[in-house]
Structures are given as C-alpha cells and as structure tokens.
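Student: Before we look at anything in detail, could you show me how to read a model like this one, going from a single residue outwards to the whole chain?

Tutor: Gladly; have the sequence and the coordinates open, and we shall take one feature at a time.

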Amino acid sequence: MAEVAISTEGLTKRYGRQRGLTGLDLEVHQGEVYGFLGPNGAGKTTTIRLLLDLIRPTEGRDIVLGLDPRRDGVALRRRVGYLAGDFVVDGRQTGEELLRFLGNLRGGVPQARIDQLADRLNLDLGRRIKVLSRGNRQKLGVVQAFMHTPELLILDEPTSGLDPFLQQEFAAMAGEARDAGQTIFMSSHVLSEVQQTADRVGIIREGRLVTVERVETLRERAVRKVEIHFDTPVAAEEFAALPGVSDLRVEGTLLRCRLAGRADQLVKAAARHPVVDLLSEEPDLEELFFAYYRDPGQEASDAA
C-alpha cells in the first residue's frame, strides 16, 4: 500500500457560530493526484489552510508528510509547493524578481528551471506584476509552486483564470509531477478539470466529506447522451428496459437516450439492426457531482 502524504482525523474548524469544516477524515497517498471538489464555501480552502498551519483547528488533528503542521511548520513548508486561491504578491516587482527571491528563500532554484516553466505557460517574466492580467498572475503562482520540485504540491483552484490551452498544459505538468513521485492535492469546484489530472476525487459538501472515488469509477457512474442512427426504423420497446437507459426517444431511424454506466447492453441491442452512425457524448460528470448535493443521505462513511 502507498505511503500516506496527508492524513486528517476529525479535523474541525468553526468560526464562531459558523461552520467551516466538520470532522474531516482524509487520506492522500504519496505519488497520487488527489482532486478535492466542492462548490465555493464547502470547506476546501479552510482544509488547505489547516494543512499548512495558516489557521488552527478547533478540533482534530492532521499530519502532512509525516509532520505536525503546527509543531513542524517550518520544516514542512520547505517540502511543499503552495498556490493560494487568492495569489497576492508585491506588484512593484517583475515576475523574474519575485521568482528569484522565492527561489533564494528555498535555497536556490536554477534559472533554467524557472525559464522552462515560464515558457510552457507563455509567461513574460520581465513585466511588473501590477500590470499583469488575472490569468498571467495565476501563471506566476503556478510557476512558484512547481519550480523547486517539492514533494507535495497543495494547490487551491490552480487553473482559475487560465485559458483552455494552458489548462491542458497544467494537466501535463501535474502528470509529469506524479510520474516523478510527487504528490498533488488540488481543490476545485469544476469537476471536468479535475478528471483530466486526478487519480482520486474527494467531494466535500458543507464542510463534510461525502465520498471518495477513483476517477474511473466516477466515469462509470456518470451519465452520457447517446444518439444512434439506424438504417431502418426501430421500436422503442427493444431499448426501454435496458440497464442504465433513460429519457429514451425513438423517431423512426433515430434513437436518443441517456445512459448511466456501461454501454454493453445498449450496444448489443443496437447491433441487431444495421447501424449507420453512433454518437456518445462525454460522460456528464457535472450531473453526478451535483447528485451528491441533492442527496442529503449520502454520508462520509461511504468514502472509499
């Protein structure tokens, strides 16, 4: 079994009467990309700040890379790359000046490494930070988190503000980090971006972890839209009772439906007729995601 990079037991944070986090039991394995999903206000950023000892828990405990964040904070932060959800730095510096300063704080980062990451993200390091767009400031934050090749990357909404091309580049960087043995814990409220990078996904709702699944399992449970064009008309009755099929509509030679889970039975039924074309849209993981919020009976004990 893989060693544990992050472990929490009953981690709780209350802000007066307001709930921040309630009894979080979390386990992140070394060398995996763990997606931490939930809408704004669900407790994602609170969890991250607790892991880094930026705030203190009301109850419970957490261990990160075998260290207690409160007792061993300085030693821990040497081994972590962190990107805050609100990456704010001195705007009077250029990107190059900031990264050189942060690199020196970490004992030195080769300029070639910084330049390579900046080139991948199409980031101009010569411009002052105060004139950078939101997206370019986010690129700068990604570079400073990755540049020293930390054991653990803790990233709060890392692709926020990045265009689709750079989101793909970030996914490639995350995959390379995982292949090199680094661990990534990244929060997001967008399920589709996490599915590109994560090995496992934890979904948090109102400060509680409601499920943990492998991305492959989420895909299998997700709903996709299917459209099949036949050469001759077919009867809806042949397909209506098939496992996972819903919202079935048949208009002559055209069948449309929604399909949850495996497509085996639907494909076998369709193969009894001449098929002209078949279209299956990507699984609608967003719908699965929101299902956990509509179902108040789903509890953290279901976590895998």
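Student: In which element is the place of Val 210?

Tutor: A residue is best located by its element before anything else is asked of it. In this model, which is a predicted one, Val 210 sits in strand β9, the element that covers residues 208–214.

Student: Does Val 210 count as buried or exposed, and why?

Tutor: The general idea is to compare the relative accessibility of a residue with a cut-off, and here buried means under 20%. Val 210 counts as buried because its relative accessibility is 2%.

Student: How many residues apart in sequence are Val 210 and Leu 24, and what is their C-alpha to C-alpha distance in space?

Tutor: Separation along the chain and separation in space should be read side by side. For Val 210 and Leu 24, the sequence separation is 186 residues, while the C-alpha atoms lie 9.9 Å from each other.

Student: How would I put that pair into the context of the whole chain?

Tutor: One turns to contact statistics, keeping to residues at least 6 apart in sequence; among such contacts in the chain, 70% join residues at least 24 apart. Burial can be read for the chain as well, and 47% of its 304 residues count as buried. The secondary structure that carries these residues comprises 11 helices and 13 strands, and the C-alpha trace spans about 70 × 45 × 35 Å along its principal axes.

Student: What volume has the largest pocket, and which residues are the closest to its centre?

Tutor: With a pocket, one reads the volume and then the lining. The largest pocket has a volume of about 310 Å³; 14 residues line this pocket, and Arg 77, Leu 102, Leu 105, Arg 106 and Gln 144 are the closest to its centre. Two or more lining residues come from each of β5 (80–83) and α3 (95–105), and α3 provides the largest share, 4 residues.

Student: How many cavities of 30 Å³ or more does the structure hold, and which residues line the largest cavity?

Tutor: A cavity is read in the manner of a pocket, through its volume and its lining. The structure holds 1 cavity of 30 Å³ or more, and the largest cavity contains about 40 Å³ of space. Its lining is made up of Thr 159, Gln 167, Phe 170, Met 186, Glu 193 and Gln 196.

Terms used: Residues are numbered from 1 along each chain as its sequence is written. This is a predicted model: local features need pLDDT of at least 70, side-chain atom pairs count only at pLDDT 80 or more; totals for chains, interfaces and linings use all residues. Side-chain values use heavy atoms; hydrogens and water are left out. Buried means under 20% relative accessible area, exposed over 50%, partly exposed in between (1.4 Å probe, protein chains only). Contact means heavy atoms within 4.5 Å. On a 1 Å grid over the protein atoms alone, a cavity is a set of points where a 1.4 Å probe fits but cannot get out, and a pocket is an open set with protein on both sides within 12 Å along at least five of seven lines; lining residues have an atom within 4 Å of a point. Grid points are joined across faces, edges and corners, and a volume is the space filled by probe spheres set on the points.
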